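Me: I've got this model open and I'd like a close look at the charged side chains tucked among the strands. Could you walk me through who pairs with whom, and then fill in the strands around them?

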Amino acid sequence: MQPTVPAIVFMISTSAAYSGEFAIGVGADDVAGRNETTATTFVVEHHATPFHKGPLASYSFAVAAQIDEDEDLFVGGGLHARWSPGDGPWSIESSFMPGYYQEGPDGTALGGKVQFRTLVGLSYELDEIRRISLALDHKSNARLESTNPGSETIAVRYHYKF
């Protein structure tokens, strides 16, 4: 695996020209057990400043990079939404990100380089700039290829607004 792709995503998502929220997490890939192995996974995300804030939800553009111990790599970008019902610290988030997938030497064959990641998560605000979340994502090639096993990842993430 070439470390340049995650490094580029990290530099872009944390540069002074951007603002919003940075998230880093750790979890397990292939939690549904459809593929051969479950692997520890690391996730890095950037959620830009929301382009729309409604009374219950905010919507923003986002990018993500995910790598696991099998050296599977996903890099994608798309839309992120966060719903905050009431005045409490809890919120629900979701995202949709088309992206590039590179299978590692002992990794999970997902049937192609183009994958779509959907995510749903539950988060808790620690204070005005920090929160934690539990998220479940699903990667699939949406039947663009004849093989489409899909893969799920569950992760605990730490978010920091800047």
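Reply: Let's start with Lys139, which counts as buried because its relative accessible area is just 2%, under the 20% cut-off for that label. Bear in mind as we go that this is a predicted model.

So what does the side chain of Lys139 meet? Its partner is Asp29, in a salt bridge with 4.0 Å from N to O. This pair ties together distant parts of the chain, with Asp29 in strand β1 and Lys139 in strand β8, 110 residues apart. Asp29 is buried as well, since its relative accessibility is 5%.

Now look at another link between those two strands. Arg131 and Glu21 bring their side chains together in a salt bridge, 2.7 Å from N to O. Arg131 belongs to strand β8 (residues 130–140) and Glu21 to strand β1 (residues 20–29), and here too the two residues are 110 apart in the chain. Arg131 and Glu21 are both buried.

Next comes Arg117, which forms a salt bridge with Glu45; the closest N and O atoms are 3.3 Å apart. Again distant parts of the chain are linked: Arg117 sits in strand β7 (residues 114–125), Glu45 in strand β2, and 72 residues separate them. Both of these residues are buried, too.

Here's how some of that hangs together: Glu21, Glu45, Glu93, Arg117, Arg131 and Arg157 are joined into one network by salt bridges that share partners. For the whole structure, the count of salt bridges is nine.

Glu93 deserves a stop of its own. You'll find it in strand β6 (residues 90–102). Glu93 is buried because its relative accessible area is 0%. Its side chain makes a polar contact with the side chain of Arg157, at 2.7 Å.

For a residue that isn't buried, try Ile154 in strand β9 (residues 151–161). Its relative accessibility is 34%, so Ile154 counts as partly exposed. Which residues does Ile154 touch once you set aside its neighbours within four places in sequence? The contacts are Gly27, Ala28, Val31, Leu134, Ala135 and Leu136. If you'd like a ruler check, the C-alpha atoms of Ile154 and His138 are 9.1 Å apart, with the two positions 16 residues apart in sequence.

Now back to Glu45's strand and its surroundings. Strand β2 (residues 39–48) runs antiparallel to strand β4 (residues 57–68), and seven bridges join them. Within that pairing, Val44 stands opposite Ala65 of β4.

β4 also pairs with strand β3 (residues 52–53), again antiparallel, through two bridges. One partnership to pick out there is Lys53 with Ser58 in β4. A hairpin takes the chain from β3 to β4 by way of three residues.

Then there's strand β5 (residues 73–83), antiparallel to β4 and joined to it by eleven bridges. Ile67 has Leu73 in β5 as its bridge partner. β4 and β5 form a hairpin too, with four residues between the strands, and in that turn Glu71 has a positive phi of about 70°.

Definitions and conventions
Residues numbered from 1 in each chain as written. Predicted model: local features only at pLDDT ≥ 70, side-chain atom pairs only at ≥ 80, totals over all residues. Heavy atoms only, no water. Buried < 20%, exposed > 50% of the residue type's maximum accessible area, 1.4 Å probe, protein only. Contact = heavy atoms within 4.5 Å. Pairing = 2+ DSSP bridges. Polar contact = N/O pair within 3.5 Å; in protein donor to acceptor, adjacent residues only side chain to side chain.
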